[in-house]
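Let's take a friendly walk through this model together, moving from strands to a helix and then out to the loops. Have the viewer open and follow along.

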Amino acid sequence: MAEFMIRFSIYNIFISILIGILLFAKHLLKNTLTSRMQYNLWFLLLGLLAVPFLPVHPMHLQQIVTWLKDITNVSSSSMETMIKESSPQMQSHTANWMNDFSVSVSKKTPAAIGMLLFLLWCMGMIIMLVLILKSILRFRTIKKSALPLQNPAVRRLYDNCLNEMHITKSIPIYSTAFLKSPVIAGFLKPRIYLPIHLISDYHANDMRYMLLHELAHYKSKDAFANYFMNIICILYWFHPLVWYSLKEMKTDREIACDTCVLKLLDEDAYADYGNTLLNFAQKVSLLPFPFTAGISGSMKQMQKRVMNIANYHPFSLRKNLHSALIYMLLACFLLAAAPILSIQAADNNRYYFNETNRNITYIDLSDAFQEYNGSFVLYDAAKDSWQIYHKEYATTRIGPASTFKIYSALFALESGIITPKHTQIPWDRQDYIFDTWNADQTLTSAMQNSVTWYFQALDQQASLSSIMKYVQEIGYGNQLVEGDTSSYWMNSSLKISPIEQVEMLTKLYHNTFGFSPENIKAIKDAICLSSTANGTLSGKTGTEAVNGKNTSGWFIGYIEKNNCTYFFATNIQSEKLASGSLATELTFSILSDLKLWTTYNEKNICFPASR
């Protein structure tokens with residue numbers, strides 16, 4: 001919730017910009033767009049305001065939101081300050097072959113601030129709901145006291161107005177002593193309510209104009225718009241520009257209804273209609289019910305409406321078509337911003353796994369995982385079958401930690417930064433706390449000992465834009481590369497789900513990327529952990545450490561045996577104890593139960609360090 005609120009706060013900046021663009025466009029085109037089209041523009045805004053709460057297909061807008069998302073991501077300190085030893089509680093027989101290294105990053109996410117903003121937002125929505133419910137109860141009291149219209153003259157006039165507006169639906173009309181202005185309320189069952197004092201002071205022309213105006217609200221389905229506007233009021237109670245926009249929308253709604261009435265009148269009746277508004281404005285106040293529509297409004301609104309009436313000239317067919325075309329262009333521009341405003345798209349932390357025509361078995365490994373959250377995914381390539389534990393976690397994207405070093409190295413090979421025969425990078429002479437890091441490194445040694453500085457050196461030569469290109473080309477996770485070359489795969493901007501890890505390994509193994517076969521072989525050799533008569537095991541671990549605590553552990557890889565290939569990915573999560581080595585031990589336990597791999601403690605196994 002805290003992260004959601006921070007993102008929502010950020011995207012309100014874009015909402016403010018869009019409101020400014022819309023207001024400027026309306027001012028610029030006020031003599032070009034018809035009153036109905038000007039009113040319809042506000043529906044585009046209402047739709048955009050709803051977008052942050054809807055899932056929208058993601059668009060990658062790193063250049064736009066990178067600097068904003070820095071406050072919600074994690075960042076890396078210098079290597080000297082951020083490297084920490086993890087403290088995995090391993091069984092004694094695994095301690096000799098697993099050097100479990102981790103790089104700790106410090107979270108800068110202001111979770112407390114985000115949660116505070118979320119609580120304030122919820123409190124504001126509750127207050128708005130209480131006010132609206134109070135208004136609903138007041139209006140319900142008025143509805144109960146209202147009586148069907150008895151005045152025969154007004155009834156005949158009302159029937160004539162229905163015919164003028166070409167409305168065949170029966171819309172009941174009532175009289176009440178508790179309203180100062182006529183209103184229409186209800187979407188499925190609309191009703192018109194007339195104040196008794198207007199019926200008593202009956203004037204045929206004035207009453208006709210009022211009834212036509214209320215029926216124009218019905219034809220425009222403004223009752224539905226009112227409900228939508230109230231929802232937006234609740235969600236954006238804190239946003240002054242949204243409130244201003246809704247106020248302007250109500251004014252344009254009334255102007256559009258006035259125009260609808262003017263189309264039915266003779267030209268010499270325009271002044272009478274305007275005078276009715278002015279005389280009426282002196283006698284009534286604003287509508288107290290936000291879900292109703294009526295002829296009244298503030299004096300400023302009345303001034304705009306009277307000006308519209310005074311300057312009214314029917315649009316020709318050509319001008320109507322021109323207005324519609326401009327509206328469509330503005331609509332395309334504004335709707336193009338929908339993916340930017342989508343919190344779901346920005347977050348994009350869920351992988352939508354298509355289960356259609358797949359052979360999937362969901363297995364229960366809760367006893368094996370015990371206190372850990374997480375998932376296990378196994379894909380049998382020969383049978384084209386899946387076994388998945390905990391679908392929710394299996395489709396949730398999280399930081400890849402050191403498992404991404406597989407692809408960092410692959411990109412470097414494809415870019416020519418290193419070659420399969422020349423992968424050595426000299427030690428930079430910094431004193432790292434891991435002895436195995438304080439030496440010249442090759443791809444194999446760097447992969448086995450998870451030497452972070454080696455892969456950072458590769459990335460720095462490749463540049464962030466080049467890495468982004470490769471990440472998007474192979475479709476890695478959420479394809480979001482942010483920050484800098486030293487931290488983009490550690491700071492949680494780049495995320496991937498366990499199912500996607502397996503799919504990536506499958507593509508790597510079969511080289512569906514279309515990369516150089518020599519480069520693919522170099523990666524396969526670097527991640528090979530064991531090759532025996534029983535088969536070959538390849539894989540990579542990863543540990544994500546935040547604020548000195550291991551919060552996520554990975555072990556991904558594949559097994560080749562009996563002419564079959566099995567791809568797997570295990571991820572475990574906890575608040576302080578979830579390392580790659582623990583994920584590895586858990587994986588071997590599961591693979592042993594599945595009779596896929598049981599020789600993890602053989603002497604010739606070479607296991608990588610994990611981070």
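**Strands, a helix and some loops**

Strand S9 (residues 359-362) runs parallel to S11, and 4 bridges join the two. Keep in mind as you look that this is a predicted model. Within the parallel pairing, Ile 360 stands opposite Trp 386 of S11.

S11 has another partner to look at. Strand S10 (residues 373-380) pairs with S11 in the antiparallel sense, over 5 bridges. Here Trp 386 turns up again, as the bridge partner of Tyr 379. S10 and S11 form a hairpin with 4 residues between the strands, and in that hairpin Asp 384 takes a positive phi near 50°.

Is S11 largely enclosed or open to the outside? Of its 5 residues (385-389), 4 are buried, so the strand is largely enclosed by the rest of the structure. Buried here means under 20% relative accessible area. As background for viewing any such strand, side chains in a regular strand alternate between the two faces of the sheet.

Next, turn to helix H9 (residues 222-235), where a simple check on geometry is possible. At 1.5 Å a residue, its 14 residues should span 20 Å, and the end C-alpha atoms are indeed 20 Å apart, which agrees. How many of the 14 residues of H9 are buried? The count is 10, so H9 is largely enclosed by the rest of the structure. The buried residues include Asp 222 and Ala 223 towards the start of the list, and Ile 232, Cys 233, Ile 234 and Leu 235 as well. Asn 226, Met 229 and Asn 230 are also buried in H9. When you rotate a helix, remember that an α-helix has 3.6 residues a turn, so residues three or four places apart point the same way.

The surface offers something else. Ile 113, Leu 116, Leu 117, Leu 120 and Met 123 make a nonpolar surface patch of about 470 Å². Of these residues, Ile 113 lies in helix H5 (residues 111-145).

Finally, visit two loops. Thr 423 is placed in the loop between helix H18 (405-415) and helix H19 (443-448). With 10% relative accessibility, Thr 423 counts as buried, and its side chain reaches the backbone nitrogen of Leu 443 at 3.1 Å. Gly 514 sits in the loop between helix H22 (498-510) and helix H23 (517-526). At 61% relative accessibility, Gly 514 counts as exposed. From C-alpha to C-alpha, Gly 514 is 9.7 Å from Ile 474, although 40 residues separate them in sequence.

Terms used:
Residues are numbered from 1 along each chain as its sequence is written. This is a predicted model: local features need pLDDT of at least 70, side-chain atom pairs count only at pLDDT 80 or more; totals for chains, interfaces and linings use all residues. Side-chain values use heavy atoms; hydrogens and water are left out. Buried means under 20% relative accessible area, exposed over 50%, partly exposed in between (1.4 Å probe, protein chains only). Two strands pair if DSSP finds at least two bridges between them. The expected span of a helix is 1.5 Å times one less than its number of residues. Patches are made of residues with over 30% relative accessible area and no salt bridge: like charges are joined within 9 Å, nonpolar side chains (Val, Leu, Ile, Met, Phe, Trp, Tyr) within 5 Å. Accessible areas come from the Shrake-Rupley method with a 1.4 Å probe; for residues, only the protein chains shown count as cover. A salt bridge is a side-chain nitrogen of Lys or Arg within 4 Å of a carboxyl oxygen of Asp or Glu. A polar contact is a pair of N or O atoms within 3.5 Å; within protein, one must be able to donate a hydrogen and the other to accept it, and residues adjacent in sequence count only if both atoms are side-chain atoms.
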